[in-house]
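Biologist: Please take a close look at the ligand surroundings in this model, with the cut-offs behind each term. I should like a connected account that I can check against the coordinates.

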Amino acid sequence: MKILVTGGAGFIGSNFVRLVAAERPEFRVVVLDKLTYAGRVQNLENLSCEFVEGDICDPQAVSRAMEGCEMVFNFAAESHVDRSLMGDPDLAGAFVQTDVYGVYVLCEEAKKRGVERFIQVSTDEVYGDVESGYSVESDPLAPRSPYAASKAGGELIARSYFVSHGLPVITTRGSNTFGPYQFPEKLIPLMVTNAIDDKPLPLYGDGMQRRDWIFALDHALGILLAGERGKPGEAYNVGGGNERYNKEIVAQILQLLGKPQSLIKHVEDRAGHDRRYALNFEKIKGLGYAPRHSFEDALRETVAWFQERQDWWRAIRDGADYQDFYRRQYAQRLQNA
Ligand code: NAD
Ligand code: TYD
């Protein structure tokens, strides 16, 4: 089996390649990645795969990378809600370009080549804010941020290739993911790395927003099983079953690191902030999926990884790009706090 993993140098993609190496050693893996700010070849350290640097929006790069592949797993995306809100046209446009147009380019090539499975990795954010209850796959898509809307658009493009051209598309909708190699712009790695350096932890609004959290290797397992055992044309929620308030998680991180709770700073909320995401993931349980890691163990493991791998995250955080992002996103907020 030869598979293409787009976005494989990012956070979940590289954890997926790591899971495949452990669980499906017979698979040959090709990674196609543009190496945006979020992609790092180092994330694939100690893993054997063929690496193609290129853009999923570039038909030639896609054609080269997909050569001989039987399954395509599309992880490539602009993935950070805050960046999609920053008001910089280049940045916001990149979400639509990669997360929608890129899916079209991949689907076209997959259709031409007659691939056996096309897995579109999506997110629970496509369901929008979920005040109560749990999202099921048949719920309407009601995205509210430019990121979530782009991901919903990508799903619909992929689905249209199933309906119109019979491309065997399977969609996964995963919940908030955390673990090693996550870029320190997302809640958990940002708070862990700030806390290690005794910097303030910027909690948006009242911190009472809730997410369902899943460890990266569990999310990767759900995606692999959906790809192998799922039914074309269907979507599968991949949940972790760990609903937590942001406030609770940040407090737990400080406790694990032995740092004072006074580092928490309530700052101006994110615009249009969804209060809650929550998944019903009974459907994928029917394919034999169950999360293997408890939230508490996985959080401890993740915090330990960030303590050990300061070489990894300091190289990112010390860079001019990150410093610029951090200043734009947090300087004023922290000053007003
Ligand atoms: P990430 O930002 O860490 O990684 C994205 C990767 O895609 C990077 O390696 C980047 O270089 C690459 N990439 C971006 N644009 C590209 C392009 N045009 N061509 C080729 N490569 C490109 O993201 P992540 O957190 O690992 O998320 C992976 C996927 O999972 C995304 O599709 C995201 O929407 C989805 N997802 C993420 C979460 C989460 O909590 N992080 C939850 C559910 C679903
Ligand atoms: P994030 O990791 O950006 O994921 P998403 O927005 O896709 O759910 O954020 C998770 C939650 O944490 C979300 O409710 C926003 C909140 N958050 C903060 O309070 N402060 C921060 O600095 C960040 C990055 C997120």
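Modeller: The account below takes the ligands in turn, beginning with ligand 1.

This is a predicted model, in which local features need pLDDT of at least 70 and side-chain atom pairs count only at pLDDT 80 or more, whereas totals for chains, interfaces and linings use all residues. Residues are numbered from 1 along each chain as its sequence is written, chains are lettered from A and ligands numbered from 1 in the order in which they are written, and side-chain values use heavy atoms, with hydrogens and water left out.

Ligand 1 is surrounded by 29 residues, of which I12, D33, S79, Y147 and K151 are the closest; a residue is near a molecule if one of its heavy atoms lies within 4 Å of it. By class, this shell comprises 11 nonpolar, 14 polar and 4 charged residues. Here Ala, Val, Leu, Ile, Met, Phe, Trp, Tyr, Cys and Pro count as nonpolar, Asp, Glu, Lys and Arg as charged, and the others, Gly among them, as polar.

Oxygen atoms of ligand 1 take part in polar contacts (pairs of N or O atoms within 3.5 Å). With I12, the partner is a polar backbone atom at 2.7 Å from a ligand oxygen. A polar backbone atom of G10 lies 2.9 Å from an oxygen of ligand 1, and for F75 a backbone N or O atom is 3.1 Å from a ligand oxygen. On its own, ligand 1 has 840 Å² of accessible area, and the protein covers 97% of it; such areas come from the Shrake-Rupley method with a 1.4 Å probe.

Two or more residues of the shell come from each of α1 (11-23), β5 (117-123), α5 (146-165) and β7 (176-178). The greatest contribution is that of β5, with 3 residues. These elements are DSSP runs numbered from the N terminus, helices being H or I of at least four residues and strands E of at least two.

Turning to ligand 2, there are 20 residues around it, and E125, R211, R270, H273 and Y330 come nearest. Its shell divides into 9 nonpolar, 5 polar and 6 charged residues. At least two residues each are supplied by α3 (81-84), α6 (187-196) and β8 (201-204).

Which atoms of ligand 2 face P202 and Y204? A nitrogen atom of the ligand is 2.8 Å from a polar backbone atom of P202, while an oxygen atom is 2.8 Å from a polar backbone atom of Y204. For N246, a polar side-chain atom lies 2.9 Å from an oxygen of ligand 2. Taken alone, ligand 2 exposes 510 Å², of which the protein buries 97%.

Key: A polar contact is a pair of N or O atoms within 3.5 Å; within protein, one must be able to donate a hydrogen and the other to accept it, and residues adjacent in sequence count only if both atoms are side-chain atoms.
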